[in-house]
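Colleague: I should like a close look at a single part of this model, namely the nonpolar interior and the strands beside it. Please set out the terms as you proceed.

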Amino acid sequence: MSTLSTARVRLGSSNILTLDDRELGKYPVAYMAEPGFWRPNDKEVLGLRSYLAKGGFIIFDDFAGQHWLNFESQMRRVLPNARAIPMELTHPVFDAFYKVKTLAYTHPYYGLKSEFYGYFEDNDPKKRLLAIANYNNDLSEMWEFSDVGMFPVDLSNEAYKLGVNYIIYALTR
């Protein structure tokens, strides 16, 4: 991000916050790995709902298979009237910085066909994207090991494109 934009990027450390932490509101983008195991308490449910209502954006990544059931159940608690809407390649998030040419990804370990879902204001894909779920995917794994050759370079590059687009989208919408 620091190479591609003027965004101030923290490289030496990260913030791990609970969803009810007031500090979360200082950050326009949040990231959650393994939401298939996510069990927020009532305060965290309200905290995430408030964060999203105030303009926050959250990326859910690194979950597959039956983990969707828990994720969807928890999101119904956070956004009771919202539903997961399949993302289309024409959505602006896929052209926020890089022009993503395909959503034909597969999980790096399980070989499952990846699916991308969005949660939108008023369930309207023309309105603000509040959250994106990279289901049957693990983009962060490709980011984490991009410098050791664990995955083909082209897969890591495509994973980075999505991540950069998500952040640029969140900062500019």
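Modeller: Two strands are said to pair if DSSP finds at least two bridges between them; helices (H or I, at least four residues) and strands (E, at least two) are DSSP runs, numbered from the N terminus. The model is predicted, so that local features need pLDDT of at least 70, side-chain atom pairs count only at pLDDT 80 or more, and totals for chains, interfaces and linings use all residues. Residues are numbered from 1 along each chain as its sequence is written, and side-chain values use heavy atoms, with hydrogens and water left out.

β1 and β2 pair in the parallel sense over five bridges, and Y31 has I59 of β2 as its bridge partner. On β1, A30 and M32 make up the covered face, whereas V29, Y31 and A33 lie on the uncovered one.

The largest nonpolar core (buried Ala, Val, Leu, Ile, Met, Phe, Trp, Tyr and Cys residues joined through side-chain atoms within 4.5 Å; buried means under 20% relative accessible area, with a 1.4 Å probe and protein chains only) has 25 residues, of which W38, L48, F60 and F71 touch the most other members. Two or more residues each come from β1 (29-33), α1 (42-53), β2 (57-63), α2 (67-78), β4 (115-120) and β5 (129-135). Leaving aside residues up to four places away in sequence, F71 touches P35, W38, F60, F63, Y119 and A133, contact being heavy atoms within 4.5 Å. Another core, of 20 residues, lies apart from this one and includes I85, Y105, L162 and A170.

Note on methods
Buried means under 20% relative accessible area, exposed over 50%, partly exposed in between (1.4 Å probe, protein chains only).
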